[in-house]
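Thanks for sharing this one with me. Here are a few notes on its aromatic side chains, set out point by point.

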Amino acid sequence: DAVNIVLRPNNEVMLDQTYVVFDFETTGFNAGGADSIIEIGAVKIKDGMIIEKYDELINPGRPLPEKIVEVTNITDNMLADKDNEENAVKRFIEWMGDLPLVAHNAKFDTSFIKMAYQKYNLGEFTNPVIDTLELSRALDKGEARHSLSAITKRYNVDFDEEGHHR
């Protein structure tokens, strides 16, 4: 029955503080191998509103696998003049600070940030993390699908360009 919805919880009430919702696109699925982050997308949320956005493309230093181009719609040309993973991750870490993080399938995304901390000797990744995939599985046990599209459809969630709930 142990579900890892929250990693490194603290005593703060999340809705009372600023938190970061983030997602990585990567060259593959193996954070400990040759794969790396090619896009960081994130928003800071306070009082239910998006207050700041972060989006950065990253040059992995090698051609993207065709399957990754198909899934992400990110091409080698889009990444050609972008900075490397080390510098991009350092900027993201500075931007997010010690705020709590939220991700769908956080186990995947945090594996890449943990590996970046190790690869680039950045200290220890200590932010609290909430995994909305595991949260959905815990709350909607009878549902077969827990993808973001399935959840937003199930709960009729929609946001405008400024991040306001419609």
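Which residues do ring pairs link into a cluster? They are Phe22, Phe24, Tyr54, Phe92 and Trp95. Please keep in mind throughout that this is a predicted model.

1. To set the scene, a search of the whole structure turns up 9 aromatic pairs. One of them joins phenylalanine 24 and phenylalanine 92: the ring centres are 6.0 Å apart and the planes meet at 75°, over the 60 degrees required, so this pair is edge-to-face.

2. That pair is a nice one to look at in the viewer, since it links distant parts of the chain. Phenylalanine 24 belongs to strand E2 (residues 19-26), while phenylalanine 92 sits in helix H3 (residues 85-96), and the two are 68 residues apart.

3. Are these two phenylalanines buried or exposed? Phenylalanine 24 has 3% relative accessibility and therefore counts as buried. Phenylalanine 92 is buried too, with a relative accessible area of 1%.

4. Phenylalanine 92 also pairs with tryptophan 95. Here the centres are again 6.0 Å apart, but the planes are at 25°, so the pair is stacked. Both residues lie in helix H3, and because they are 3 residues apart there, about one helical turn separates them.

5. Finally, do have a look at tryptophan 95 itself. Its relative accessibility is 13%, so tryptophan 95 counts as buried, the limit being under 20%. Lysine 44 lies over the face of this tryptophan, at 4.6 Å from the ring centre.

Key: Residues numbered from 1 in each chain as written. Predicted model: local features only at pLDDT ≥ 70, side-chain atom pairs only at ≥ 80, totals over all residues. Heavy atoms only, no water. Phe/Tyr/Trp six-rings, centres within 6.5 Å; stacked < 30°, edge-to-face > 60°. Helix = DSSP H or I, 4+ residues; strand = E, 2+ residues; numbered from the N terminus. Buried < 20%, exposed > 50% of the residue type's maximum accessible area, 1.4 Å probe, protein only. Lys NZ or Arg CZ within 6 Å of the ring centre and 35° of its normal.
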